[in-house]
Amino acid sequence: MEEHIVKFHERGQGRALIELAKQYPPKDAIREFVTNGLDARVPNTIEEISVIADPISRRIIISDNGVGIPYDALIALPTNIGYSRKAGNIDMRGEKALGLLAFGSLGDVMHIISRPHLGKSSKYGYLRWEIDESKEKIPYFHEELDGRAVEDFYGNFPHGTRIIIDRVDPHIIEKVLTIPNLKGSLRTLYNPALRKGILRIRLGRLDKKGKNPRIELIETINYERDSSTELIDDMISIKIKNEEAPGNLEVLL
């Protein structure tokens with residue numbers, strides 16, 4: 001008996017990708033992009049990540065000052081969904097390589113603008129994805145932009161990545177991704193990095209003219225506040241799968 005491999009029909013593949021893109025709760029979608037930003041931290045620096053809502057334009061803007069993405073790697077992203085060099089290693093973030101699809105749970109269009117930290121080019125890589133439900137596809141296109149063109153995407157930046165999610169449902173912006181809601185979830189998820197001083201996260205909303213963002217810095221959680229017991233803060237050495245050197249497990253009790 002000959003073995004065969006189950007495959008998507010060309011049209012069915014597009015439908016499946018759209019369905020995958022829409023499966024994320026909105027706050028989990030934001031987490032995917034913030035985690036990507038943290039993973040892209042320039043060594044020995046503080047990673048600065050901002051999440052800004054633009055209610056008038058129905059946009060969410062997520063920016064970081066990380067290592068950025070080289071243009072050839074950027075334009076390969078849409079054709080590598082589901083494949084990652086970390087595939088199969090469940091101990092690593094991004095091992096399923098599906099996180100970028102999360103934009104579809106927020107809006108219909110995603111712009112990715114990136115400039116490498118060590119790149120020699122003054123250009124920015126630009127990649128645009130759009131969910132087209134009528135054709136059951138997620139088409140994309142790419143090009144290189146100069147600094148003047150990037151000004152139209154909330155200003156240029158020295159290095160890092162900016163993701164702009166467009167045509168966001170107004171309910172998501174006004175009721176779900178509010179500053180208090182995001183502050184609570186992101187503060188809990190990223191408190192270890194915030195405590196170590198390797199990450200700063202800023203949340204904001206633009207005014208009715210699309211300018212003058214109201215910015216709030218996420219502060220670390222004070223575990224001892226309102227507690228009647230002494231905080232136990234310790235580091236335990238543990239063995240990590242596929243690694244020779246042990247890792248450190250931070251314990252807070």
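**Exercise 1. State how many helices and strands the protein holds, and describe how much of the chain is buried.**

Solution. Counting DSSP runs numbered from the N terminus (H or I over at least four residues for a helix, E over at least two for a strand), one finds seven helices and 10 strands in the protein. The model is a predicted one, in which local features need pLDDT of at least 70 and side-chain atom pairs count only at pLDDT 80 or more, whereas totals for chains, interfaces and linings use all residues. Residues are numbered from 1 along each chain as its sequence is written, and side-chain values use heavy atoms, with hydrogens and water left out. Next comes burial, where buried means under 20% relative accessible area, exposed over 50%, and partly exposed in between (1.4 Å probe, protein chains only). Of the 253 residues, 38% count as buried. For contacts, meaning heavy atoms within 4.5 Å, 61% of those between residues at least 6 apart in sequence join residues at least 24 apart.

**Exercise 2. Work out the strand order of the eight-stranded sheet and identify its edges.**

Solution. Two strands pair if DSSP finds at least two bridges between them. On this basis the eight strands form an open sheet with mixed pairing, in the order 5-4-3-6-2-1-7-8. Strand 5 (140–145) and strand 8 (214–217) are the edge strands, each pairing on one side only. Neighbouring strands are turned by 15° against each other on average, direction ignored; such angles run from 0 to 180 degrees between the N-to-C directions of lines fitted to C-alpha atoms, for helices over the stretch in contact.

**Exercise 3. Follow the pairing around strand 6 and explain why this strand is called largely enclosed.**

Solution. Begin with the partners: strand 6 (160–166) pairs in the antiparallel sense with strand 2 over five bridges, and with strand 3 over seven bridges, again antiparallel. Particular bridges fix the register, since I62 has I163 as its partner in strand 6, while R115 is bridged to G160. Then consider the side chains: G160, R162, I164 and D166 point one way from the strand, T161, I163 and I165 point the other way, and all are buried. Because seven of its seven residues are buried, strand 6 is largely enclosed by the rest of the structure.

**Exercise 4. Determine which strands are crossed by helix 2 and by helix 6.**

Solution. Helix 2 (residues 26–39) lies across strands 1, 2, 3, 6 and 7, running at about 150° to strand 1. Helix 6 (residues 179–189), in turn, lies across strands 1, 7 and 8, and its angle to strand 7 is about 165°.

**Exercise 5. Describe the surroundings of D64, including its nearest side chain of opposite charge.**

Solution. D64 lies in strand 2, and among the residues that it touches beyond four places in sequence are G37, E47, H159 and T161. Lys and Arg count as positive and Asp and Glu as negative, with His and the chain ends not counted; a salt bridge requires a side-chain nitrogen of Lys or Arg within 4 Å of a carboxyl oxygen of Asp or Glu. D64 is buried yet has no salt bridge, the nearest side chain of opposite charge being R162 at 9.2 Å. The side chain of D64 does, however, reach the backbone nitrogen of G66 at 2.8 Å.

Methods:
Polar contact = N/O pair within 3.5 Å; in protein donor to acceptor, adjacent residues only side chain to side chain.
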